[in-house]
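Q: I am new to this structure and should like to learn how to read its features. May we go through them in turn?

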Amino acid sequence: MTDETAPTGDWSERIFGGFRKTSERLSENLTGIVGKSRLDDAQLDDLEDALILSDLGPRAAARIRERLAGERFERGVDELAVKEAVAREIAEILRPVAKPLDVVAFPRPQVILVIGVNGSGKTTTIAKLAHLFQEQDYAVMLAAGDTFRAAAIGQLGVWADRLGVPIIKGPEGGDPASVVFDAVKSATDRGTDALIVDTAGRLQNKRELMDELAKIRKVLGRLNPEAPHDVVLVLDATNGQNALSQIEIFREVAGVTGLIMTKLDGTARGGVLVAAAEQYGLPIHAIGVGETMDDLRPFDPDLVARVIAGVA
Ligand SMILES: Nc1nc2c(ncn2[C@@H]2O[C@H](COP(=O)(O)OP(=O)(O)OP(=O)(O)O)[C@@H](O)[C@H]2O)c(=O)[nH]1
């Protein structure tokens, strides 16, 4: 964890890194592409392969191919024109899933479960979300529902101190559902707007995790039938294609309602977000572009599409 006062630089510059592996692959395969007013079958095949290799996935690749097969390039086919067309099509896929996480629950609190494998950036994302809500003048509380590891409880506690928000914790090895129960009661009593709950990320033991999350849900449902209002899966951009299998598994065990992708400031294959959007249609709430509490950014589908296509 770095100091939250560290300079953050220009975040929009950073996301070029997060999509670099995707956009480089794509660019390499489009270099020198020329033609008359339409792409021919061989060019369309190459384009589709390039999109798949760039982590956009077979479904998004097939969709973009189909759209570009019907495209008339008025000024003739060249690299820039094709990239512009690809950017437009990627934006079409991403726009419907770009959806910030809003605090809307009534009655309060809005209960947001945050899930994801260990190391994905879950704890940091919780801090970033808390900070974002604070900036919008919402009262926030954290709950340390990952009781499996003392370090996880400690780390969330450090963030709570920094942010100046209350945190409900239990003992290491304690029952996460009981922590969540206490937290919802406390948040309700205090009139808290958003309660953000950390959870264990033990994918190795799917059954145990499923039982744990089911128990949390049951307890929550007793206090508020609408809760949890959000189940946000945190994905690490550096994991590339692995993100898709994580969505698959967590959808099954936890009923994911939205995604946040972190570490898009590193060199990563963020293009997998396009595959995720096409395949699952889950809302993408935000992206993480650094380690400080200010480094959560809105997901801008048009910018991301242009970065991926190499025309930003
Ligand atoms: N560069 C970068 N690093 C990040 C980002 N988000 C989190 N990290 C770093 O990734 C590491 C893991 O983040 P955590 O928030 O501890 O992840 P976690 O999923 O809670 O992990 P556990 O505590 O092991 O369960 C830390 O060193 C964070 O500082 C991000 O957007 N960009």
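Q: What are the helix and strand shares of the chain over residues 15–94?

A: In this predicted model, residues 15–94 are 75% helix and 0% strand. The C-alpha atoms at the two ends of this stretch are 16 Å apart. The unreviewed UniProt entry places the feature "domain: Signal recognition particle SRP54 helical bundle" at these positions, 15–94.

Q: Which peptide bonds are cis, and where do Pro107 and Pro109 lie?

A: Most peptide bonds are trans. Here, a cis bond joins Phe106 and Pro107, with omega about 0°. Another cis bond joins Arg108 and Pro109, also with omega about 0°. Pro107 lies in the loop between α4 (79–94) and β1 (110–115), and Pro109 lies in the loop between α4 and β1 as well.

Q: How should the phi of Asp55 be read, and is this residue buried or exposed?

A: Most residues other than glycine have a negative phi. Asp55, in helix α3 (residues 41–69), has a positive phi near 75°. Asp55 counts as buried because 27 C-beta neighbours lie inside 10 Å, and the cut-off for buried is 20 or more.

Q: Where does Lys263 lie, and what is its phi?

A: Lys263 lies in the loop between β6 (258–262) and α10 (272–280). Its phi is positive, about 60°, although Lys263 is not a glycine. Lys263 is buried, with 24 other C-beta atoms within 10 Å.

Q: How many residues surround the ligand, and which are closest?

A: The ligand is surrounded by 21 residues, the closest being Gly121, Lys122, Thr123, Thr124 and Gly288. By class, the shell has 13 polar, five charged and three nonpolar residues. The largest share, three residues, comes from α5.

Note on methods: Residues numbered from 1 in each chain as written. Predicted model: local features only at pLDDT ≥ 70, side-chain atom pairs only at ≥ 80, totals over all residues. Near = placed C-beta within 6 Å. Helix = DSSP H or I, 4+ residues; strand = E, 2+ residues; numbered from the N terminus. Nonpolar A, V, L, I, M, F, W, Y, C, P; charged D, E, K, R; others polar. UniProt positions renumbered as here; feature names shortened; annotations may be inferred. Buried ≥ 20, exposed ≤ 12 C-beta atoms within 10 Å, placed from the backbone.
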